[in-house]
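Here's a quick tour of the chain shown below, arranged by topic so you can dip in where you like. Keep the viewer open while you read.

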Amino acid sequence: MTKAQFGAETSNSGEWVRQSNRFTDRITADGSSGWKAEPGRYHLVVSLACPWAHRSVIARRLLGLEDVLSLGIVDPLRDERGWRFTLDPDGRDPVTGLSFLADAYLAGDQNYSGRYTVPAVVDVASGRVVTNDYPQLTLDLSTEWARFHRPGAPSLYPPELREEIDEINAVVYSDVNNGVYKCGFATSQEAYERAFDALFARLDWLSERLESRRYLVGDTITEADIRLFTTLVRFDAAYHGHFKCNRHKLTELPVLWAYARDLFQTPGFGDTVDFDHIKRHYYSTHAQINPTGIVPAGPNLSGWHTPHGRAALGGRPFGDGTPPSM
Ligand SMILES: N[C@@H](CCC(=O)N[C@@H](CS)C(=O)NCC(=O)O)C(=O)O
């Protein structure tokens, strides 16, 4: 069997088995968790390359939390100490003073031995990670941070749709969000093909669902759309080549391509995408998969701005609310 990109997260039969999130404290409206949602108290650290972090960047923008929860952006290329703040002056995050995200993990748990991952929410005063629990993080931004939402902010996780959103999120996570990683990090042919088949079967299923409805659940954008979008927007630029997810390109799946463009052209989505960070991160940091580190010059990305025609399906991106300001 070939050598794994992340040995500790690869099963004996060559399947990618993602590590669990170590820091799972919740930041809550009433502070009963020990962490109260408060303006200026926390710093959201992301890589613009990372789909898990991208969720939180989109939710923060849609909900208008930019002035309440500051954002730190790491260099898309990690070194042996992990994510670095080399894009900031003097290589230091101006809000927390951190040079390496690792230091915030070790401040939270000096024995931490997992990967130092984004997104991570850092307590500014102590410099320690409060949470790297990315699925809970966006749900909490929608619910526990409601007091700080902008006027007209969308309801991304409305109580009456939660069951349906959770169901969609579960299958999208397993087959699509994490499915592309299962393809890319597989170390046996069988594990790769299983993941590949599940991924494209799920994309076919999603295409069918989205043929007659503009958004995944209800008739406005929800958390479910955010989670699917972050994988779709990386599909042709990274997963099709780098992770061998190549039955089709996104641009060859007409319904999903139009759906992804519709979201891309919605404030909060396309304006949070950085294709340069995405391509450089994936192609240059997985030496087992792409030993030369060469970053492909393509694909041509101009199609993202072409008309999508989805408005004819009804639904409005922000329901009765207004889009975030650009
Ligand atoms: N926290 C999750 C998901 C977040 C995640 O994997 N983020 C990636 C970037 S997309 C990361 O930070 N990787 C750092 C590393 O592999 O050292 C995990 O532990 O698997």
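What you're looking at is a predicted model. The domain assignment splits the protein into domain 1 (7–148) and domain 2 (159–313). A ligand sits in a shell of 13 residues, and a couple of backbone oddities turn up along the chain, including a cis peptide bond from Val118 to Pro119.

**The two domains**

- Taken over C-alpha atoms, the centres of domain 1 and domain 2 are 22 Å apart.
- Where they touch, domain 1 puts in 23 residues and domain 2 puts in 26 residues.
- On the domain 1 side, the elements giving two or more residues are α1 (51–63) and α3 (134–143).
- The top contributor on that side is α1, with eight residues.
- Sorted by class, the domain 1 side of the contact has 11 nonpolar, seven polar and five charged residues.
- The UniProt record (an unreviewed entry) puts "domain: GST C-terminal" at residues 158–282.
- That span, 158–282, is 68% helix and 0% strand, and its end C-alpha atoms lie 34 Å apart.

**Around the ligand**

- Which residues come closest to the ligand? They are Cys50, Trp52, Arg115, Thr117 and Val118.
- The shell around the ligand breaks down into five nonpolar, six polar and two charged residues.
- UniProt's "binding site" annotation, again from an unreviewed entry, covers Trp83, Arg115, Tyr116, Thr117 and Val118.
- Those annotated residues are spread over 36 residues of sequence but cluster in space, with a largest C-alpha distance of 10.1 Å.

**Thr117, Val118 and the cis bond**

- Thr117 is in the loop between α2 and β3, and so is Val118.
- Is Thr117 buried or exposed? Thr117 counts as buried because it has 23 C-beta neighbours inside 10 Å, and the cut-off for buried is 20 or more.
- Val118 is buried too, with 24 other C-beta atoms within 10 Å.
- Leaving out residues up to four places away in sequence, Val118 touches Val45, Val46, Ser47, Cys50, Ala53, Val74, Trp83 and Leu101.
- The peptide bond from Val118 to Pro119 is cis, with omega near 0°, and Pro119 lies in the loop between α2 (101–108) and β3 (120–123).

**The β3–β4 hairpin**

- β3 pairs with β4 (residues 128–131) in the antiparallel sense, over three bridges.
- Val121 has Thr131 in β4 as its bridge partner.
- Four residues sit between the two strands of this hairpin, and Gly127 takes a positive phi near 70°.

**Other backbone spots to check**

- As a rule, most residues other than glycine have a negative phi, and most peptide bonds are trans.
- The peptide bond from Gly298 to Pro299 is cis, with omega near 0°, and Pro299 is in the segment after α9 (275–285).
- Asp90 isn't a glycine, yet its phi is positive, at about 60°.
- Asp90 is in the loop between β2 (70–73) and α2, and it counts as exposed because it has 9 other C-beta atoms within 10 Å.
- Lys244 also has a positive phi, near 60°, in a residue other than glycine.
- You'll find Lys244 in the loop between α7 (223–242) and α8 (254–264), where Lys244 is partly exposed, with 16 C-beta neighbours inside 10 Å.

Note on methods: Residues are numbered from 1 along each chain as its sequence is written. This is a predicted model: local features need pLDDT of at least 70, side-chain atom pairs count only at pLDDT 80 or more; totals for chains, interfaces and linings use all residues. A residue is buried if 20 or more other C-beta atoms lie within 10 Å of its own, exposed if 12 or fewer, and partly exposed in between; C-beta atoms are placed from the backbone. A residue is near a molecule or strand if its C-beta atom, placed from the backbone, lies within 6 Å of it. Ala, Val, Leu, Ile, Met, Phe, Trp, Tyr, Cys and Pro count as nonpolar, Asp, Glu, Lys and Arg as charged, and the others, Gly among them, as polar. UniProt positions are given in the numbering used here, feature names are shortened, and annotations may be inferred rather than shown by experiment. Domain bounds come from an automatic or database domain assignment. Two residues are in contact if their C-beta atoms, placed from the backbone, lie within 7 Å. Two strands pair if DSSP finds at least two bridges between them.
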